[in-house]
Amino acid sequence: MATVSIELLKQHVRADDFTTDDAYLGQLLEAAEEYVVKATNRTSAELVEMGGGEKLPATLQQAVLLIAGHWYNQREAVAGVQMSEVPYTLQALIKPYRKLANDATE
């Protein structure tokens, strides 16, 4: 899918001056967009339509950037320092697009 550009992700993670991580960043973009789609209980086509027909809505693009950036900077499941989540940031971006599982609009 990758409706968020790799160039934008590279700027987000401050890796825009080299190309050695491009394949890895592309993989992160794909995984982050898949995560967002699944979190909304919608299809990627539904979300792209909500974004005007070519890409995800801006808030969901930001969610993709946050997830991919976090995965890029924290490549392992554990860390030697205490980390804490910015409260509700990711959920605040995704929640308005979330379709309830028992939504009868289908």
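**Figure 1. Salt bridges in the predicted model.** Four salt bridges are found in this structure, which is a predicted model. As a friendly reminder of the chemistry, side chains of opposite charge can pair when their charged atoms come close. The next three views take up individual pairs, among them K10 with D22 and E34 with K38.

**Figure 2. K10 and D22, a bridge between two helices.** Zooming in on this pair, the closest N and O atoms of K10 and D22 are 2.8 Å apart, and the two residues form a salt bridge. The link joins distant parts of the chain: K10 sits in helix α1 (residues 6-12), while D22 belongs to helix α2 (residues 22-40), and 12 residues separate them. How do the two partners fare for accessibility, buried or exposed? K10 has a relative accessibility of 8%, so it counts as buried, the cut-off being under 20%. D22, at 25%, counts as partly exposed.

**Figure 3. E34 and K38, a bridge along helix α2.** Here we stay within one helix. E34 and K38 form a salt bridge whose closest N and O atoms are 3.2 Å apart. The two residues are four residues apart in helix α2, which means that about one helical turn separates them. On accessibility, E34 is partly exposed, with a relative accessible area of 44%. Its partner K38 has a relative accessibility of 58% and so counts as exposed, since the cut-off is over 50%.

**Figure 4. R42, E46 and K99, a network of shared partners.** Let us begin with one pair: the side chains of R42 and E46 meet in a salt bridge, with an N to O distance of 3.6 Å. Which residues make up the network here? Salt bridges with shared partners join R42, E46 and K99 into one network. Within this group, E46 counts as partly exposed, at 26% relative accessibility.

**Figure 5. Y24 and Y72, a tilted aromatic pair.** We now turn from charges to rings, where the count comes to two aromatic pairs. In one of them, the ring centres of Y24 and Y72 lie 6.2 Å apart and the ring planes meet at 40°, so the pair is tilted. Y24 lies in helix α2 and Y72 in helix α4 (residues 58-73), so this pair ties together parts that are 48 residues apart in sequence. Y24 is partly exposed, with a relative accessible area of 31%, whereas Y72 is buried, at 10%.

**Figure 6. Y35 and W71, an edge-to-face aromatic pair.** What is the geometry of the Y35 and W71 rings? Their centres are 6.3 Å apart and their planes stand at 85°, so the pair is edge-to-face. This pair, too, links distant parts of the chain, with Y35 in helix α2, W71 in helix α4, and the two positions 36 residues apart. Y35 is partly exposed, its relative accessible area being 38%. W71 is also partly exposed, with a value of 29%.

**Figure 7. Q61 and its contacts.** For a last close-up, we visit Q61, a residue of helix α4. Is Q61 buried or exposed? With a relative accessibility of 13%, Q61 counts as buried, because this value falls under 20%. Which residues does Q61 touch, once neighbours within four places in sequence are left aside? Q61 is then in contact with V4, K55 and L56.

Notes. Residues numbered from 1 in each chain as written. Predicted model: local features only at pLDDT ≥ 70, side-chain atom pairs only at ≥ 80, totals over all residues. Heavy atoms only, no water. Buried < 20%, exposed > 50% of the residue type's maximum accessible area, 1.4 Å probe, protein only. Phe/Tyr/Trp six-rings, centres within 6.5 Å; stacked < 30°, edge-to-face > 60°. Contact = heavy atoms within 4.5 Å.
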